[in-house]
Amino acid sequence: MPNRWSRAAVAAGSMVLAALLLVGGCGDEKKTEEKKTDEGASKGRLFGVTFQTMNNPFFVDLNEGIRKVVEAHGDRLVTLDAQWNSLKQRNDVSDLIHQGAAAIFINPVNWEGIKGSLLQAGRKGIPVVVVDAPAKDMDLVLCTVASDNVKAGRLAAQALAQARPSSRIVILHLSVNKACIDRVAGFKEELAKHPGMKILDTQEGKGTTEGARPVMRDLIGRFPKLDAVFPINDPSALGAISALESKGRLKDVIVVTVDGSAEGVAAIKAGKLLSTSAQFPKEIGRIAAEKTYQHLKVEPIGEKDIKVKVELITKDNADSFLSGK
């Protein structure tokens with residue numbers, strides 16, 4: 001009897017041991033897989049990009065243009081959203097520098113305030129490429145890739161002049177952003193050729209739909225005879241349109257802007273927006289990334305201030321533009 005129970009105990013113990021080994025083996029296999037995943041994630045060099053905001057389809061497309069080139073080289077891209085906060089953007093750049101980024105792409109919230117970040121990257125030997133909105137200290141960056149924003153502003157003014165040559169205009173600006181400064185400069189440059197057109201006021205619209213809406217409402221109240229508005233981007237234009245609709249003024253006021261987003265083109269097709277000077281964000285991203293890799297291969301990059309084309313979109317070419325995107 002004792003021998004029979006001993007044999008049973010041994011058998012049971014063997015089964016428990018086998019089960020433990022099986023569990024242990026699965027655990028080791030899982031750990032091995034996790035290690036492989038971690039190793040896979042760490043392959044390639046780290047590149048970083050910080051945008052003014054990711055709450056704009058333009059920057060989503062620009063990011064995609066950079067990412068495609070980076071991943072084609074077997075590297076990885078970390079995308080950061082500054083949320084229109086220059087302090088957050090400075091901290092984000094510092095984090096990328098401490099992580100040992102091979103290069104950093106910056107879309108500056110404040111074209112003057114980004115200088116400290118450029119100096120910090122330079123001390124670490126990390127190249128910086130500025131995209132879309134130039135920085136004031138261009139000598140501190142590898143190159144700048146942006147739309148021809150002066151031309152974008154001129155195209156907007158030309159479209160407005162053709163539609164309403166005696167317009168009374170308000171501008172919704174974003175004056176800490178060099179791209180917007182250039183757009184307004186181009187707009188005014190063209191307006192100078194049309195003495196019947198007059199700017200009533202320029203206000204900060206913050207570059208967002210939410211920021212532009214209350215500012216536009218105030219302008220409507222202050223200038224009852226205004227009949228045109230130039231917001232500096234599509235989101236601002238959508239905010240202005242919303243304000244004009246709420247006051248029953250949209251049919252009397254012409255809106256022209258810059259961007260070429262799907263939302264902006266949809267507003268053109270709906271008869272709410274006269275024109276948008278379209279940019280090509282994926283092309284900006286592609287060129288910026290390719291120039292960076294040229295530099296990392298110690299090849300000359302050529303021109304440091306690269307302008308990417310813009311195109312006026314109206315009802316006449318809205319469908320063909322969307323089909324070609």
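# Exercises on a predicted model

S117 has a relative accessible area of 2%, so this residue counts as buried. That's our warm-up value, and keep in mind that the structure you're looking at is a predicted model.

## Exercise 1: Put S117 in its setting

**Task.** Which element holds S117, and which residues does S117 touch beyond its sequence neighbours?

**Solution.** Start with the location: S117 is in helix α4. Next, skip anything up to four places away in sequence; what S117 touches then is R90, V93 and I97. Take V93 as an example: V93 and S117 are 24 residues apart in sequence, yet their C-alpha atoms are 6.5 Å apart in space.

Now widen the view to the helix. The buried residues of α4 are S117, L118, Q120 and A121. Looking down the axis of α4, you'd see these buried residues within an arc of 160 degrees, so they line one face of the helix. As for what they pack against, the partners are α3 (86-98), β3 and β4. One last detail: after α4 comes G125, which has a positive phi, near 70 degrees.

## Exercise 2: Work out the surroundings of β3

**Task.** Which way do the residues of strand β3 (residues 103-106) point, and in what sense does β3 pair with β1 and with β4?

**Solution.** Begin with the side chains. In a regular strand they alternate between the two faces of the sheet. For β3, A103 and F105 point one way while I104 and I106 point the other way, and all are buried.

Then go to the partners. Strand β1 (residues 46-51) pairs with β3 in the parallel sense, over 4 bridges. Here G48 sits opposite I104. Strand β4 (residues 128-131) also pairs with β3 in the parallel sense, over 3 bridges. In that pairing, F105 has V129 of β4 as its bridge partner. To get from β3 to β4, the chain passes through helix α4 (residues 115-123), and this β-α-β crossover is right-handed.

## Exercise 3: Check helix α6

**Task.** Why do 14 residues agree with the distance between the end C-alpha atoms of α6 (residues 178-191), and how many of the residues of α6 are buried?

**Solution.** Length comes first. At 1.5 Å a residue, the 14 residues of α6 should span 20 Å, and the end C-alpha atoms are 20 Å apart, which agrees.

Then look at the start of the helix. N177 caps the N-terminal end of α6, with a side-chain oxygen 2.9 Å from the backbone nitrogen of A179.

Finally, count the covered positions: 10 of the 14 residues in α6 are buried, so you can call this helix mostly covered. Among them are charged-looking letters you can pick out in the sequence, namely K178, D182, R183 and E190. The buried residues of α6 pack against α5 (149-163), β6 (168-173), β7 (198-204), β8 (228-231) and β9 (254-259).

## Exercise 4: Two residues at 0%

**Task.** Are S275 and A243 buried or exposed, and what is each in contact with?

**Solution.** Take S275, which belongs to strand β10 (residues 275-278). Its relative accessibility is 0%, so S275 counts as buried. Leave out neighbours within four places in sequence, and the contacts of S275 are A159, V255, V256, T257, I268, L312, I313 and T314.

Move on to A243, in helix α8 (residues 234-246). A243 has a relative accessible area of 0% and is therefore buried. With neighbours within four places set aside, A243 is in contact with R213, M216, R217 and I220. For R213, the separation from A243 is 30 residues in sequence and 5.3 Å in space, C-alpha to C-alpha.

## Exercise 5: Positive phi without glycine

**Task.** Where are W84 and V298, and what is the phi of W84 and of V298?

**Solution.** W84 lies in the loop between β2 (76-81) and α3. Its phi is positive, near 60 degrees, in a residue other than glycine. With a relative accessible area of 26%, W84 is partly exposed.

V298 is in the loop between α10 (281-296) and β11 (305-308). V298 isn't a glycine either, but has a positive phi of about 60 degrees. At 74% relative accessible area, V298 is exposed, since the cut-off for exposed is over 50%.

Conventions. Residues are numbered from 1 along each chain as its sequence is written. This is a predicted model: local features need pLDDT of at least 70, side-chain atom pairs count only at pLDDT 80 or more; totals for chains, interfaces and linings use all residues. Side-chain values use heavy atoms; hydrogens and water are left out. Helices (H or I, at least four residues) and strands (E, at least two) are DSSP runs, numbered from the N terminus. The expected span of a helix is 1.5 Å times one less than its number of residues. Buried means under 20% relative accessible area, exposed over 50%, partly exposed in between (1.4 Å probe, protein chains only). Contact means heavy atoms within 4.5 Å. A polar contact is a pair of N or O atoms within 3.5 Å; within protein, one must be able to donate a hydrogen and the other to accept it, and residues adjacent in sequence count only if both atoms are side-chain atoms. Two strands pair if DSSP finds at least two bridges between them. A crossover is right-handed if, with the strands pointing away from the viewer, the path from the first strand over the helix to the second runs clockwise. The arc is that of the directions from the helix axis to the C-beta atoms.
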